[in-house]
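Here is a short report on one structure. It takes the ligand site as its starting point.

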Amino acid sequence: MSQQIGRQIYLKREDLNHTGAHKINNAIGQVLLAERLGKKRIIAETGAGQHGVATATVCALKGLECIVYMGEVDIQRQAPNVARMKMLGAKVIPAKSGSKTLKDATNEAIRDWINNPSDTHYVIGSVVGPHPYPDMVARFQSIISEEIRWQLKEKTGNELPTHVIACVGGGSNAAGAFYHFLNEPTVELIAVEAAGLGIHSGHSAATTTLGTPGVLHGSKSIVMQTPDGQVVEPHSISAGLDYPGIGPLHAHLFASGRGRFLSATDQEALKAAFNLTRLEGIIPALESAHALAGLEQVAFPENSKIVVCLSGRGDKDMDTYMKHMTEFD
Ligand SMILES: *Cc1c(COP(=O)(O)O)cnc(C)c1O
C-alpha cells in the first residue's frame, strides 16, 4: 500500500486485539475501575455489538454480572454478536423506543444507571456521554498513541509521524490515536467520518459537516439535529460509525482547526477495504476502511510518515463484503 500511495504508511493494528477491535482497551479499564469502586453490576450499550462483546468478555473474566442494552433492530441485524454476548454470560435487553438502534440503547442504559447508582457501573463505549466519560475513555484509549510512539521509534528511529488518520463514530479510536500527539504541532491529525450514501443524500453520518451545537447523552458537542433539536437518524454502511454525534473532544478539534475532518462514502470505504485486503492480506473492519479511504483524499508531502489506525478486523462485516464482492473483482 505504501508503494501504491507513494508515501510511507504504517498501520496501527488494533484489529489484532482480543475481540477484534480497540474497544477492549476501554472495557478493561472501566471494569477494573468498577471493581475498585466496589460495583457488582455492569451495564453497557451497544450498536453493532462490538462494545457489548468487549464488555461481556471482561465481565466473564472478572465474574461480574453484565447487562447490555441493544436496539431491537440491531439485535436482529447483528445476530452473531448477540450470540457471543449470551455465550459470555451477558443479558441482552432490547431497546424498543425511537429508531430502536444505538442512540435508543444509550438512552435505556442511562435510565438504568440513574436508577441504580449504588451498585451499578455504566461502561460507555466511546468518548461520549456526561463527564468524566469523554475524558476517561480517551485516557483508556490513549494506549493506542502511546504504542504508536514506541512502535514507530522501533521501526524508524523517530517516534513522531507526520500524519495520524482514524475513523470517527463517537470518536474513541481517533481520540486514542491522537492523544499523545495533541501537543505535537508537527503531527497532523485527520479524522474521517462516514458520509454514507453521500454527505447531502439524507443518509449520512458526517456530523461535523451536517451537525450544529447541541446536547446529546449528557454532553455539549456537535449533533445532527432538526432546527427544533430532534436528533436526525444517521446512516452508514458500518454500524460503528452510525451515530448522530461526536465526542466533545472532536468537536473542539474541529472548531479549533487542530484536527482536519474528512468523510468517506459507503462505496469509498468498501473500495478501500478490498484494496487493503488484496494488497496486504488484512481484512479491515468497515469502520477502519473509512480511515483508509481518507488516505486518497489528502495530498501528502514527500517524506510523509503516515499512521492509519486500523481500529478493528473485518470478520463481523463478511456478510456486507460478500454482497459487494463482484464490484471489486
Ligand atoms: C465501534 C467501532 C468504531 C467506532 O467507534 P469510535 O468510538 O469512533 O472509535 C470504529 N472501529 C471499530 C472497529 C469499532 O468496533
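## Ligand site

The model is predicted. In it, 17 residues surround the ligand. The closest are Lys 23, Ser 126, Gly 169, Ser 172 and Ser 311.

Polar atoms approach the ligand from side chain and backbone. A polar side-chain atom of Lys 23 sits 2.7 Å from a ligand oxygen atom. Gly 169 places a polar backbone atom 2.7 Å from an oxygen atom of the ligand. For Asn 173, a polar backbone atom lies 2.8 Å from a ligand oxygen atom. On its own, the ligand has 380 Å² of accessible area, and the protein covers 96% of that.

## Nonpolar cores

The largest nonpolar core holds 23 residues. Ile 165, Leu 292, Leu 295, Phe 300, Ile 306 and Val 308 touch the most other members. Six elements are listed here as giving two or more residues to this core: strand E6 (163-167), strand E7 (188-196), strand E10 (259-265), helix H12 (266-280), helix H13 (286-294) and strand E11 (305-310). Another core lies apart from it, with 20 residues. Among them are Leu 152, Val 168, Phe 178 and Cys 309.

Take Val 308 as an example from the largest core. Leaving aside residues up to four places away in sequence, Val 308 touches Ile 9, Tyr 10, Leu 11 and Lys 12. Its contacts also include Ile 165, Ala 291, Leu 292 and Leu 295.

## Strands E2 and E3

Strand E3 spans residues 65-71. Six of its seven residues are buried, so the rest of the structure largely encloses this strand.

Strand E2 (residues 41-46) pairs with E3 in the parallel sense. The pairing runs over six bridges. Ile 43 stands opposite Ile 67 in E3. In a regular strand, side chains alternate between the two faces of the sheet.

## Asn 25 in helix H2

Helix H2 covers residues 23-37 and contains Asn 25. Is Asn 25 buried or exposed? Its relative accessible area is 18%, so Asn 25 counts as buried, the cut-off being under 20%.

The side chain of Asn 25 has a polar partner. A 3.1 Å polar contact joins it to the side chain of Glu 14. Beyond residues up to four places away in sequence, Asn 25 touches Glu 14, Asn 17, Phe 140, Gln 141, Ile 143 and Ile 144.

## Backbone features in loops

Which residues does a cis peptide bond join? They are His 131 and Pro 132, with omega at about 10°. Pro 132 is placed in the loop between strand E5 (120-123) and helix H7 (133-141).

Thr 19 has a positive phi of about 70°, although it is not a glycine. Thr 19 lies in the loop between strand E1 (8-13) and H2. With 19% relative accessibility, Thr 19 counts as buried. Asn 303 is a residue other than glycine with a positive phi, near 65°. The loop that holds Asn 303 runs between H13 and E11. Asn 303 is exposed, at 74% relative accessible area.

Methods: Residues are numbered from 1 along each chain as its sequence is written. This is a predicted model: local features need pLDDT of at least 70, side-chain atom pairs count only at pLDDT 80 or more; totals for chains, interfaces and linings use all residues. Side-chain values use heavy atoms; hydrogens and water are left out. A nonpolar core is a set of buried Ala, Val, Leu, Ile, Met, Phe, Trp, Tyr and Cys residues joined through side-chain atoms within 4.5 Å. Buried means under 20% relative accessible area, exposed over 50%, partly exposed in between (1.4 Å probe, protein chains only). Helices (H or I, at least four residues) and strands (E, at least two) are DSSP runs, numbered from the N terminus. Contact means heavy atoms within 4.5 Å. A residue is near a molecule or strand if one of its heavy atoms lies within 4 Å of it. A polar contact is a pair of N or O atoms within 3.5 Å; within protein, one must be able to donate a hydrogen and the other to accept it, and residues adjacent in sequence count only if both atoms are side-chain atoms. Accessible areas come from the Shrake-Rupley method with a 1.4 Å probe; for residues, only the protein chains shown count as cover. Two strands pair if DSSP finds at least two bridges between them.
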